[in-house]
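Dear colleague,

I am handing over the structure below, and I would be glad if you could read the notes that come after it with the model open beside you.

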Amino acid sequence: VVDGDYTLTFPSGSGSPTNAKVAYAEVAPIGDTSIRTQIRQVQGAGPVSILARGDITQLTAYQAGIDPSGVYIARNNGPVAPPILVSAPTDLNPSLQDVVLQFDVIGNQLSLYAWPAGEQKPITPVLSVTDNAYSSGVPGLLINGNGPHSAVFRYVHVADSSIIPEPPTAMLSAIFFAGVCVLQWRRSARPHAASRSRPRLPVP
């Protein structure tokens, strides 16, 4: 395991708005999940997301992320277009600054925290919603495939309870990247409400 940046990339011409690239941790399924990562978009401006309770076979997962229109939490329901459960605008822009995302899926409570790198984690989540569709699965990372698109994940920290302290430097990528399965699949890259006509989100 090497500590440092992990990059997901769709080169120019290799993707489309209906493709996405997903990296899943090769670990046993877990229930309660807290996943934190620091992201920076180095090319493109599509959705960048983290996944919890993912099922590679059924193509299901909870997804939380950020794109130019804001932050969101969505539920991937397999091969059909996944609905956004909750969303909100944000001033954060991972194309201009590193952004930290933390997605807590504890019981049936889904919470997303988002803040600029270098600052303290907010006390309250920017988004929160309840859902009981999925009880366990594996964590992952996702970018859309409308290439060229590239995002850097500075570290990934996964725990079975809400992460409170800042992960020490020595733990950076090691916790997550000891085993990673990278998949590419067709579907929309960003979830959205039925009344919207923006791209939707996928899972493996």
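The notes that follow begin with the chain as a whole and then move to the sheet, the cores, the aromatic pair and a few single residues.

Please keep in mind throughout that this is a predicted model. The chain holds one helix and 13 strands, and when it is read along the sequence the elements follow the pattern β-β-β-β-β-β-β-β-β-β-β-β-α-β. Of the 204 residues in the chain, 51% are buried. Among the contacts in the chain with a separation of 6 or more, 66% are between residues 24 or more positions apart.

On the sheet, six strands form an open arrangement in the order S1-S12-S3-S8-S9-S10, and their pairing is antiparallel. Strand S1 (6–10) and strand S10 stand at the edges with a single partner strand each, so one side of each has no neighbour in the sheet. From one strand to the next, the twist averages 20°. At the S10 edge, strand S9 (residues 109–116) pairs with S10 in the antiparallel sense over four bridges; Leu-110 has Val-129 as its bridge partner in S10, and Ser-111 stands opposite Ser-128 of S10. In a regular strand the side chains alternate between the two faces of the sheet. For S10, the covered face carries Leu-127 and Val-129, whereas Ser-128 and Thr-130 are on the uncovered one.

Turning to the nonpolar residues, the largest core has 31 of them, and the residues with the most contacts inside that core are Ile-73, Leu-101, Phe-103 and Phe-153. Phe-103, if its neighbours within four places in sequence are left aside, is in contact with a list of residues that includes Ile-35, Ile-50, Ala-52, Tyr-62, Ile-73 and Leu-110, and also Ser-34 and Ser-111. There is a second, separate core of seven residues, among them Ala-20, Leu-51, Ala-61 and Val-138.

The structure holds one aromatic pair. Tyr-62 and Tyr-134 form this pair, which is tilted, with 5.1 Å from centre to centre and 55° between the planes. Distant parts of the chain are linked by the pair, since Tyr-62 belongs to strand S5 while Tyr-134 is in the loop between S10 and S11, 72 residues apart. Both Tyr-62 and Tyr-134 are buried.

That same loop brings me to Asp-131, which is found between strand S10 (127–130) and strand S11 (138–144). Is Asp-131 buried or exposed? Its relative accessible area is 11%, and because the cut-off for buried is under 20%, Asp-131 counts as buried. The side chain of Asp-131 makes a polar contact of 2.7 Å with the side chain of Arg-75, and a polar atom of the Asp-131 side chain lies 3.0 Å from the backbone nitrogen of Ala-133. Leaving aside neighbours within four places in sequence, Asp-131 is in contact with Tyr-62, Arg-75, Leu-85, Asn-108 and Leu-110, and Tyr-62 is also one of the two members of the aromatic pair described above.

A second polar residue to inspect is Ser-34, placed in strand S3 (residues 33–43). Ser-34 is buried, with a relative accessible area of 0%. Which side chains does Ser-34 meet through polar contacts? One is the side chain of Gln-102, at 3.4 Å, and another is the side chain of Asp-104, at 2.6 Å. Not counting residues up to four places away in sequence, Ser-34 touches Gln-102, Phe-103 and Asp-104, and in addition His-157, Val-158, Ala-159, Ser-161, Ser-162 and Ile-163.

Pro-68 offers a contrast with these two buried residues. Pro-68 lies in the loop between strand S5 (60–67) and strand S6 (70–77), and its relative accessibility is 66%, so Pro-68 counts as exposed. From C-alpha to C-alpha, Pro-68 and Leu-92 are 9.0 Å apart in space, with their positions 24 residues apart in sequence.

With best wishes

Note on methods:
Residues numbered from 1 in each chain as written. Predicted model: local features only at pLDDT ≥ 70, side-chain atom pairs only at ≥ 80, totals over all residues. Heavy atoms only, no water. Helix = DSSP H or I, 4+ residues; strand = E, 2+ residues; numbered from the N terminus. Buried < 20%, exposed > 50% of the residue type's maximum accessible area, 1.4 Å probe, protein only. Polar contact = N/O pair within 3.5 Å; in protein donor to acceptor, adjacent residues only side chain to side chain. Contact = heavy atoms within 4.5 Å. Pairing = 2+ DSSP bridges. Axes fitted to C-alpha atoms, helices over the stretch in contact; angles between N-to-C directions. Core = buried A, V, L, I, M, F, W, Y, C linked by side-chain atoms within 4.5 Å. Phe/Tyr/Trp six-rings, centres within 6.5 Å; stacked < 30°, edge-to-face > 60°.
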